[in-house]
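User: I am new to this structure and would like a close look at a single part of it. Please choose one strand and explain how the parts around that strand are arranged.

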Amino acid sequence: MDLNKKIEDISHAEYKLLLIIGQPGSGKSKVIRQYSEETGIPILDLDKIFYHTPSEKLLPEMKNFLTTYHQKVLLLDNKKILYAKNSQIDLLAFLKELSKDIIVVATWNGKIEDGQLFHFRNDTSEDLIYSTDNNDFKYILC
């Protein structure tokens, strides 16, 4: 899988969002880590950066953060804060909103099946389920 090619393919799209999708232990973090090492672009751990930020303020805070972020790609791993049980954030909508301004590459704990994107959440039995019909993101399966 050529992550550089996928990133180039989405660089001019309305939503510049690339999800690295896989089950736990499938190598999603390894893929994003290798890209980070090759390019020098850091992987952001939103759980650490925005630990004390209420969910309703997360998008404005992230947009503000991006005004000082000087990379062409935003790499995201460890983003449980976005889909915690008490969060009011729509995970995919949040990532898509960010990807209007910058290329976003994010790990995604889940699968694609029958035209649906599943996001598995460890802290609850409820998975997040999205339609893939809009074709407003690209993905790599691990």
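Analyst: A residue is called buried here when its relative accessible area is under 20%, and exposed when that area is over 50%. The model is a predicted one, and the part chosen for the close look is strand β4, which spans residues 103-113. By that cut-off β4 is mostly covered, since eight of its 11 residues are buried.

The pairing of β4 with other strands can be followed one partner at a time. Six bridges join β4 to β1, and these two strands run parallel; in this pairing Leu17 has Val104 of β4 as its bridge partner. Strand β3 also runs parallel to β4, joined to it by four bridges, and here Leu75 is matched with Val105 of β4. With β5, residues 116-119, the sense changes to antiparallel, and four bridges make the connection. Two of the residue pairs between these strands are Ile112 with Leu117 of β5 and Lys111 with Phe118 of β5.

The link from β4 to β5 is a hairpin with two residues between the strands, and Asp114 in the turn has a positive phi of about 50 degrees. Beyond the hairpin, β5 pairs with β6 in the antiparallel sense over four bridges, with Ser131 of β6 as the bridge partner of Gln116.

The surroundings of β4 can also be read through the nonpolar core. In soluble globular proteins, nonpolar side chains tend to be buried together. The largest nonpolar core of this model has 41 residues, of which Leu19, Leu74 and Leu95 touch the most other members. Strand β4 is among the elements that give two or more residues to this core, and others include β1, β3, β6, α4 and α5. Leu74 shows how such contacts reach β4: leaving aside residues up to four places away in sequence, Leu74 touches Val104 and Val105, as well as Ile103, Ile102, Leu98, Tyr69, Leu66, Met62 and Leu44.

Two of those contacts of Leu74, Met62 and Leu66, lead on to helix α4, where both are buried, together with Ser55 and Leu58. These four residues lie on the same side of α4, because they cover an arc of only 50 degrees around its axis. The exposed residues Glu56 and Pro60 sit on the face of α4 turned away from that buried side, while the buried residues pack against β2, α3, β3 and α5. Helix α4 itself, residues 55-66, reaches 17 Å from its first C-alpha to its last, close to the 16 Å expected for its 12 residues.

Helix α5, one of the elements packed against by the buried residues of α4, holds a charged residue that deserves a separate word, namely Lys96. Lys96 counts as buried because its relative accessibility is 16%, which is under the 20% cut-off. Leaving aside residues up to four places away in sequence, Lys96 touches Tyr15, Leu17 and Asp136, and Leu17 is the residue already met as the bridge partner of Val104 in β4.

Key. Residues numbered from 1 in each chain as written. Predicted model: local features only at pLDDT ≥ 70, side-chain atom pairs only at ≥ 80, totals over all residues. Heavy atoms only, no water. Expected span 1.5 Å × (residues − 1). Buried < 20%, exposed > 50% of the residue type's maximum accessible area, 1.4 Å probe, protein only. Arc of directions from axis to C-beta. Contact = heavy atoms within 4.5 Å. Core = buried A, V, L, I, M, F, W, Y, C linked by side-chain atoms within 4.5 Å. Pairing = 2+ DSSP bridges.
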